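Colleague: I've got a new chain open on my screen and could use a guided tour. Can we take it one question at a time?

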Amino acid sequence: MLRSRKMRLGDLALEAGLITEEQLQHVLTVQKETKKPLGSILIDYGFISEPQLIELLGKHLDIPHVNLSRVEIDPAVATSIPLDLARRYRVIPIKKEGKRLTLAMVDPMNVEALDSAALFTGCDVRPVIAGDSSICNLIEQYYGIKESVEKVRESENVYHIRSMGSENVLRQKDSVEEEPIVRLVNSIILRAVIEEASDIHLEPQGDGLRVRLRIDGILQELFSPPKNIQPQIISRIKIMASMDISEKRLPQDGRVLFTAGNKKINLRVSTLPTIFGEKVVLRLLNREKIVVPLDSLGFNPIDFKVFETIIKANSGMILVCGPTGCGKSTTLYSTLNYLNSKEKNIITVEDPVEYHLKGINQVQVNLKTGLTFSRALRTILRQDPNIIMVGEIRDLETAQIATRAALTGHLVFSTLHTNDAVRAITRLLDMGVEDYLLVSSVVGIVAQRLIRLICPHCKEEHRPLEEEKKLYLFYSDSDILPKFFKGTGCSYCNHTGYKGRTAVQEILFLSEELKKLILERTTPDEILQFIRIKKNNTLQQEGMKRAAEGITSISEVIRVTFQGSLGG
């Protein structure tokens, strides 16, 4: 069908007025040198956009366009052509029915690519149009790690660790950038970036190395490379993070700046000695996600106005509470970024500093040198600050200094590891903070959780269990059950039924009535009852609203907001 077409993709783009003759000649020269598909070159140079290319091809060719995120792909089919062929032509097989192979392509007019795929598979190849980035992501997903592991196996005897004075380096005969172990580690990190994972876990086991990604708060196994290449993988990561690869008995911390396409990803690396070797966790810190607009933090409209009001106070303490991984750092960084101006001196003390904020003075806690939260905070108070952020209140001394700072004209932000806003009050009192100091300094408390969003591609109506119905009705203002939904699982969401997360929050504003209850040492349950009477939204109520809106499932709300919480 395509062989009979005289017009090439470049001619089509020229005729449609999307590119000039000069641009066409330039990309044809580049194609001759690089052998890359013309469509990819046009996109890479910014001459046309991916949607324009798809629309152009769809208009002139009787070839369908597919959204690869909605397609179930058998890994055996996806890898039925060689990796070099897939990468060279930007193609990937997505379906096989008998002797008919469906091939996703950036440029379906590339006859050479079609012929090569047909020759290798022995199938009748049917092209479909797909986006360049989608195809490249799938190629990396299905081929990248597998290829790298095989290359490491082939050359595992070539590697050795050599000490060079005070430095330890991984050596191989060829350039370090060409080493299979380098490509393998890069493939793991790139896969984590593609999957939007927050952490990479490399866990030594008795019979291998388990690699898992934390995606949307849940750990998912990626693959298990052979035990014999475990030392090479760990050493490579330690080299990247400027760690001592000869030290395997003590924990170490490091950082890596990783480039993935046009993204700069900061990796925070931590090692921990275990009985089977060093366990490594890499935390992925993406500025686009850790510093977001204030109105993108997930607050409902009413709570957002309350939050915006309390952070504009001239003094006082604002606490953000929740377990590890609930988005406290994102809320604090986004708030500081919102408040940052040339007129304000903002200083933070953190452990660790997760991301560098331009124009803000950030201090890293260093226990080895005695620079603790409390010691740093004392010094910060002599630095004429307007706003102070304390990464976490861990002890009475830090709590007392932060409280006094809030009482002496400073706006103080900090975090506490508590299940809800009410427990933040009791936690500070249990630490030994005087109740009169607490009610005089604390302006507001935000407790939050991250809940997973239902995958839009496999979303369907769901009939809740009886217990789920009871909980919804108890925490909802309505007596009528809405329609609930869940995800059935598809390739787009890695068969989890969820894709992405959003925050749910409860805001406790310390009104005069609430301060009186605190001074009277009212129990947490009684304070919670007071909050409900005043129609303040709790985490559970906010979560149930999201379930009623159909953006998350009721089981996800129960899993995230009821665990260890009051009233749940």
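Modeller: Sure, one term up front: a residue is buried when its relative accessible area is under 20%, exposed when over 50%, and partly exposed in between, with a 1.4 Å probe and protein chains only. This is a predicted model, so local features need pLDDT of at least 70 and side-chain atom pairs count only at pLDDT 80 or more, while totals for chains, interfaces and linings use all residues. Residues are numbered from 1 along each chain as its sequence is written, and side-chain values use heavy atoms, with hydrogens and water left out.

Colleague: What share of the residues in the chain is buried?

Modeller: The chain has 568 residues. Its C-alpha atoms fill a box of roughly 85 × 70 × 50 Å along the principal axes. Buried residues come to 51%.

Colleague: Which helix gives the largest share of the largest nonpolar core?

Modeller: A nonpolar core is a set of buried Ala, Val, Leu, Ile, Met, Phe, Trp, Tyr and Cys residues joined through side-chain atoms within 4.5 Å. The largest one here has 48 residues, with I92 and I94 making the most contacts inside it. Helices are DSSP runs of H or I, at least four residues, and strands are runs of E, at least two, numbered from the N terminus. The largest share of this core, 5 residues, comes from residues 132-154, helix α8.

Colleague: Which residues does I94 contact, leaving aside its neighbours within four places in sequence?

Modeller: Contact means heavy atoms within 4.5 Å. With those neighbours set aside, the partners of I94 are V66, L68, V71, E72, I73, V77, T102, A104 and V128.

Colleague: Why is helix α10 described as largely enclosed by the rest of the structure?

Modeller: Helix α10 covers residues 230-240. Among its buried residues are I233, I234 and I237, but also R236 and K238. It counts as largely enclosed because, of its 11 residues, the number buried is 9.

Colleague: How many disulfides are there?

Modeller: A disulfide is a pair of cysteine sulfur atoms within 2.5 Å. Take C326, which is buried at a relative accessible area of 3%: its closest cysteine sulfur, in C321, is 8.7 Å away, so that is too far for a bond. By this rule, the count is 0.

Colleague: How many helices and strands does the chain have?

Modeller: Those DSSP runs make up the secondary structure of the chain. The count is 22 helices and 20 strands.
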